[in-house]
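Grab your viewer and work through a few short exercises on a model. Try each one before you read its solution.

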Amino acid sequence: MAENKFEMKFRCPLEFVVEPEDVEKDSYEVPASDFAKHADEINKLIRESFEYDGTEKYGLAAYLNDDNLAEKIVSIIPSVENVDGALHSALNVVLREELTDSEKERLRKNLIEQLEDGWGWEFNEDSVTVGGEEVFIAFLCAKDGERLRVVDSAGAINQTMGGLS
């Protein structure tokens, strides 16, 4: 039986801090535009971070602390996207049914917590090699929750036995 699903997307800026090889030098912030050509490489690192703990199909949805939202959400997969030449985070949400405005706000707050204290904190805790540089990647919505915004409202997708149609 085909099941209707819905999608929505949240987005916030990213921060890139390079750790120099010379330990005597301080780390320094680099514009997100400097890493725009490395989106695929960073997305691979993000996907791998979920494969290690077995949540690759569900992403951040595996950590929802709101049972009512958890019933409506299939997956929340973080990624990076090139927006006007600079990388931004994208949190792609697949839903069983559309969310009300109040549920969207609860989800937004839950995602901010995950990016500040949960998965996002762990992802930012260790540097990763991107484009040959050791870099820390931070989801800036954790610094200012108002930066995490819905950019795509729930749109229906029809799932068939063969996949998405």
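Below are three exercises, each with a worked solution. This is a predicted model, in which local features need pLDDT of at least 70, side-chain atom pairs count only at pLDDT 80 or more, and totals for chains, interfaces and linings use all residues. Numbering runs from 1 along each chain as its sequence is written, and side-chain values use heavy atoms, with hydrogens and water left out.

**Exercise 1.** Work out whether K72 is buried or exposed.

*Solution.* Start with its place: K72 sits in helix α2 (residues 67–72; helices are DSSP runs of H or I, at least four residues). Next, its relative accessibility is 15%, so K72 counts as buried (under 20%; exposed is over 50%, with a 1.4 Å probe and protein chains only).

**Exercise 2.** Find what K72 touches beyond its neighbours within four places in sequence.

*Solution.* Look for heavy atoms within 4.5 Å: you get L95, R96, E97, E98, L99 and E103. Now take R96: it's 24 residues from K72 in sequence, yet their C-alphas are 5.1 Å apart. Finally, check E103, whose side chain makes a polar contact of 2.6 Å with that of K72 (N or O atoms within 3.5 Å, one able to donate a hydrogen and the other to accept it).

**Exercise 3.** Which residues does I42 touch, not counting those up to four places away in sequence?

*Solution.* Pick I42 and apply that contact cut-off: F16, F35, V80, L87, V130 and I137 turn up.

Key: Helix = DSSP H or I, 4+ residues; strand = E, 2+ residues; numbered from the N terminus.
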